[in-house]
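Trainee: Could you take me through one part of this model in detail, and show how that part sits within the rest of the chain?

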Amino acid sequence: MVTAALFSPFQLRGTTIPNRIAVAPMCQYSAQDGLVGDWHFAHLARFGLGGAGIVFVEATAVAPEGRITHGDVGLWAGEHVSPLRRITDFLRSQGSVPAIQLAHAGRKGSVQRPWHGSAPLAQERPGDGRKSLEHRCAQRPAGPAGLASSGGTRRRGAGRAPSILAP
Ligand SMILES: Cc1cc2nc3c(=O)[nH]c(=O)nc-3n(C[C@H](O)[C@H](O)[C@H](O)COP(=O)(O)O)c2cc1C
């Protein structure tokens, strides 16, 4: 019997991935202080139930100022580990290999969530309480010169990037 390559195992050093179906990391911008919650569990667990060979946790910031938005998943403190472990344990129980994309947004950090316009937080006009809290804790982007990126995915009408973000 011929087995389709898609469903044949793939060896990655010491790890055997049971098939070639890989779920790419997908930012949800839904974490609280970097912590994953039920949303992330449901989002990723279903790919394990579906039999994906390897499932990537979304871009996960290694430092608070390395987040694209304040809703990014983080892994800069011990408290981040346990809720991530809940996800990876479940994926393993389904035969999937859990993986993670470690990330640092550099000069593209500290912007609004995409559905708020992706404008730099330091330029955001505080609206509701949550936004103004994020506005207050916007961090100077970590890049070669501390300059915010002027690129990005801002919607038409959203604020332009300043040359330097306030700390
Ligand atoms: C909702 C969503 C979130 C994404 N988040 C990330 C991410 O966290 N990291 C990343 O490298 N790419 C991210 N991407 C890009 C995907 O990983 C992938 O590269 C893109 O969807 C193209 O995949 P395809 O060539 O298989 O269609 C995201 C894509 C989508 C649709």
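Mentor: What follows looks closely at strand 4 and its surroundings, beginning with the chain as a whole.

The model is predicted, with an average pLDDT of 84 over the chain and 77% of the residues scoring at least 70. The chain holds 3 helices and 6 strands, and from the N terminus on these elements follow the order β-β-β-α-β-β-α-β-α. Of its 167 residues, 28% are buried, and among the contacts with a separation of 6 or more, 70% are between residues 24 or more positions apart.

Strand 4 covers residues 54–61, and because 7 of its 8 residues are buried, the strand is largely enclosed by the rest of the structure. On one side of the account stands its pairing: strand 3, residues 22–23, runs parallel to strand 4 and is joined to it by 2 bridges, with Val23 having Val55 as its bridge partner in strand 4.

Val55 also belongs to the largest nonpolar core, which has 14 residues, and Val55 is listed with Val36, Leu44, Phe47, Ala52, Val57 and Ile87 as touching the most other members. Strand 4 supplies at least two residues of this core, as do helix 1 (38–49) and helix 2 (81–93). Leu44 illustrates how these parts meet, since beyond its neighbours within four places in sequence it contacts Val55 and Val57 as well as Ile87 and Leu91. Another core lies apart from this one and has 8 residues, including Ala59, Ala61, Ile68 and Ala103.

Ser96, in the loop between helix 2 and strand 6 (97–103), approaches the beginning of the strand from elsewhere in the sequence: leaving out residues up to four places away, it touches Ile54 and Val55, along with Phe47, Gly48, Ala52, Gly53 and Leu91. Ser96 counts as buried because it has 26 C-beta neighbours inside 10 Å. Its C-alpha atom is separated by 7.2 Å from that of Pro18, although the two residues are 78 apart along the chain.

The ligand brings us to other residues of the strand, for Glu58 and Ala59 are among the residues surrounding it, together with Ala24, Pro25, Met26, Cys27 and Gln101. By type, that shell divides into 5 nonpolar residues, 1 polar and 1 charged.

One reservation concerns a separate region, residues 152–167, where pLDDT stays under 50, although the model has 36 contacts beyond four places in sequence for them. Where pLDDT is low, the predicted coordinates should not be read in detail.

How values were computed:
Residues numbered from 1 in each chain as written. Predicted model: local features only at pLDDT ≥ 70, side-chain atom pairs only at ≥ 80, totals over all residues. Near = placed C-beta within 6 Å. Nonpolar A, V, L, I, M, F, W, Y, C, P; charged D, E, K, R; others polar. pLDDT = per-residue confidence, 0-100. Contact = placed C-beta atoms within 7 Å. Core = buried A, V, L, I, M, F, W, Y, C linked by C-beta atoms within 7 Å. Buried ≥ 20, exposed ≤ 12 C-beta atoms within 10 Å, placed from the backbone. Helix = DSSP H or I, 4+ residues; strand = E, 2+ residues; numbered from the N terminus. Pairing = 2+ DSSP bridges.
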